[in-house]
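Subject: The structure I promised you

Hi there,

Here is the structure I said I would pass on. Have a look at it first, and then read on for what turned up.

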Amino acid sequence: MRRKHVLAIGGRNSTVDKVEKLGLRYSMVQLPGWVDERQYTSAERYAVLDYENLGELLAVCRAWHRLDPFDAVVTFTEYGLENTSHCAIDLGIPGNNLAAVRVTRDKGKTRALLDEHRLSPVRHRVCTTLEDAREFLAAAGGEPIVVKPHDGGLSEGVFIVESEAVLAQRWERSRAARPGPVLAEEFLSGPEFSVESLSVEGAHEIVMITEKVTTPLPRFVELGHQMPARLGAADRRRVADLVTAFLDLVGQRTGPAHTEIRLTPTGPKLIESQTRVGGDQIWEMCELVTGVDMMAETIAALAGVVPPSRTPVAPAAAIRFFGYENLRVLDVSGVPEAERAPGVVRVECDLAAGRELGLLVSSYHRQGYVLATGEDTGQAAGRAESARDLVEVKGEPLGPTAD
């Protein structure tokens with residue numbers, strides 16, 4: 001009997017884990033910087049190329065499909081989403097919904113759609129010049145705004161702008177993060193959460209609501225997460241209703257979504273959404289707490305095989321990142337002690353003597369993490385922080401921290 005064959009566009013070894021967990025075969029297209037021996041030794045076929053180049057991607061995948069047809073195509077990487085959807089259409093196989101991908105990848109389109117349907121409306125403007133942003137800031141009447149790349153990710157280029165004095169600098173840094181226009185929008189106050197969901201044939205399940213810890217303003221780089229979010233029943237219901245309505249609106253069909261919201265004084269407001277699992281090991285934390293393997297269940301639904309059973313491991317989970325900046329590392333100790341600390345699932349530490357650390361401007365610039373579980377959200381967060389603090393880093397400053 002033929003084993004089903006999945007095409008994977010990018011991704012880490014976690015994608016391979018899920019395919020193999022289901023007993024499927026896979027072929028993979030991978031970026032040069034992400035090549036991994038395990039991937040190319042266990043893949044049916046393996047190509048190294050920039051999968052944002054649609055023409056080259058389709059040429060390779062069409063040839064493979066003629067030789068050994070695919071049953072589904074998947075990606076769980078931000079910048080692979082749109083072209084993976086194009087592959088699904090071109091090859092005539094199940095994959096992510098292109099319409100949902102396009103409207104969520106372009107944050108300006110997301111805002112326009114929400115406004116059109118009067119769902120979580122937020123004042124915003126797609127800006128192509130600094131003067132556009134200056135006019136939007138003036139119209140805000142002294143209230144802060146946020147600038148961000150229109151199709152970015154990983155917290156790159158996202159800044160609060162409180163006044164005209166800092167606008168030009170933060171505008172330029174946002175423009176430098178990604179090509180194209182910048183989205184300016186009103187700053188939403190209140191605690192921030194992410195919502196992890198899984199859709200199968202248009203039916204949406206809210207898997208988890210997660211609390212978020214970020215850098216002090218003006219940046220929004222994420223330094224930690226914990227789940228389940230400590231929300232009352234009414235707020236939890238309002239958040240779930242908003243996200244479900246949004247997924248219906250964008251036409252999400254089969255696959256995960258990671259949606260960020262703020263609980264403002266007037267209720268939950270949607271910040272942005274991506275049709276992929278949450279990064280920062282949020283997908284793993286969901287597995288630990290709920291038993292829901294969003295990647296494996298997505299692959300199973302698209303490939304038409306039985307999904308894995310759901311077996312929770314712990315009531316709560318948390319992650320804390322190492323986020324040093326403007327530092328020359330002289331010595332690192334305490335990693336083994338952190339690994340043995342209560343509730344710790346894993347410690348990943350990229351800090352090493354001699355490494356020079358610049359400004360923490362995106363998720364890529366963090367230096368590892370501590371993942372922990374607990375009997376409740378507070379205990380899990382406390383365990384992750386305590387274990388992280390067992391890792392002692394000695395260093396010398398490289399200079400004053402820039403804005």
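Which residues does valine 74 touch, not counting residues up to four places away in sequence? Before the reply, please keep in mind that this is a predicted model. Valine 74 touches Val6, Leu7, Ala8 and Ile9, along with Thr84, Ile299 and Leu302, once residues up to four places away in sequence are set aside.

Valine 74 also belongs to the largest nonpolar core, which has 36 residues. Together with Leu24, Val207, Met227, Cys286, Met294 and Ile299, Val74 is in the group that touches the most other members. Helix α11, residues 294-303, gives the most to this core, with 7 residues. There is also a second, separate core of 20 residues, and Leu114, Phe193, Val195 and Val239 are among them. As a general point, nonpolar side chains tend to be buried together in soluble globular proteins.

On the outside, Val35, Tyr40 and Val48 make a nonpolar surface patch of about 250 Å². Tyrosine 40 sits in helix α2, residues 37-42, and is partly exposed because its relative accessibility of 43% falls between the 20% and 50% limits.

Now to the charged pairs. The count comes to 39 salt bridges, and three of these are worth pointing you to.

The side chains of aspartate 17 and arginine 38 meet at 2.5 Å, N to O, in a salt bridge. Aspartate 17 lies in helix α1 (residues 13-21) and arginine 38 in helix α2, so the pair ties together parts that are 21 residues apart in sequence. Both ends count as partly exposed: aspartate 17 has a relative accessibility of 35%, and arginine 38 has one of 30%.

Lysine 212 forms a salt bridge with glutamate 260, with 3.1 Å between the closest N and O atoms. Here the link is between distant parts of the chain, since lysine 212 is in strand β10 and glutamate 260 in strand β12 (residues 255-264), 48 residues apart. Are these two residues buried or exposed? Lysine 212 is buried, and glutamate 260 is buried as well.

The side chains of aspartate 280 and arginine 366 form a salt bridge too, at 2.6 Å from N to O. Aspartate 280 is in the loop between β13 and α10 (282-290), while arginine 366 is in the loop between β17 (356-357) and β18 (368-374), so this pair links distant parts of the chain, 86 residues apart. Aspartate 280 counts as buried because its relative accessibility is 15%, under the 20% limit. Arginine 366, at 9%, counts as buried too. Elsewhere, Lys107, Arg111, Lys148, Glu185 and Glu272 are joined into one network by salt bridges that share partners.

That network brings me to glutamine 274, whose side chain has a polar contact of 2.9 Å with the side chain of glutamate 272. Glutamine 274 is in strand β13, residues 267-274. Why does glutamine 274 count as buried? The reason is that its relative accessible area is 4%, which is under 20%. Leaving aside neighbours within four places in sequence, glutamine 274 is in contact with Glu78, Thr104, Lys107, Pro256, Ala257 and His258.

Finally, a few backbone details you may want to check by eye. The peptide bond from leucine 217 to proline 218 is cis, with omega near 20°, and proline 218 lies in the loop between β10 (203-214) and β11 (222-227). The peptide bond from methionine 227 to proline 228 is also cis, with omega near 0°. Proline 228 belongs to the loop between β11 and α9 (233-250).

Which way does phi go at glutamate 201, positive or negative? Glutamate 201 has a positive phi of about 50° although it is not a glycine. Glutamate 201 lies in the loop between β9 (192-200) and β10, and is exposed, with a relative accessible area of 58%. Asparagine 326 likewise has a positive phi of about 50° without being a glycine. Its place is the loop between β14 (316-321) and β15 (327-333), but asparagine 326 is buried, with a relative accessible area of 13%.

Happy browsing, and all the best!

Conventions
Residues are numbered from 1 along each chain as its sequence is written. This is a predicted model: local features need pLDDT of at least 70, side-chain atom pairs count only at pLDDT 80 or more; totals for chains, interfaces and linings use all residues. Side-chain values use heavy atoms; hydrogens and water are left out. Helices (H or I, at least four residues) and strands (E, at least two) are DSSP runs, numbered from the N terminus. Buried means under 20% relative accessible area, exposed over 50%, partly exposed in between (1.4 Å probe, protein chains only). A polar contact is a pair of N or O atoms within 3.5 Å; within protein, one must be able to donate a hydrogen and the other to accept it, and residues adjacent in sequence count only if both atoms are side-chain atoms. Contact means heavy atoms within 4.5 Å. Patches are made of residues with over 30% relative accessible area and no salt bridge: like charges are joined within 9 Å, nonpolar side chains (Val, Leu, Ile, Met, Phe, Trp, Tyr) within 5 Å. Accessible areas come from the Shrake-Rupley method with a 1.4 Å probe; for residues, only the protein chains shown count as cover. A salt bridge is a side-chain nitrogen of Lys or Arg within 4 Å of a carboxyl oxygen of Asp or Glu. A nonpolar core is a set of buried Ala, Val, Leu, Ile, Met, Phe, Trp, Tyr and Cys residues joined through side-chain atoms within 4.5 Å.
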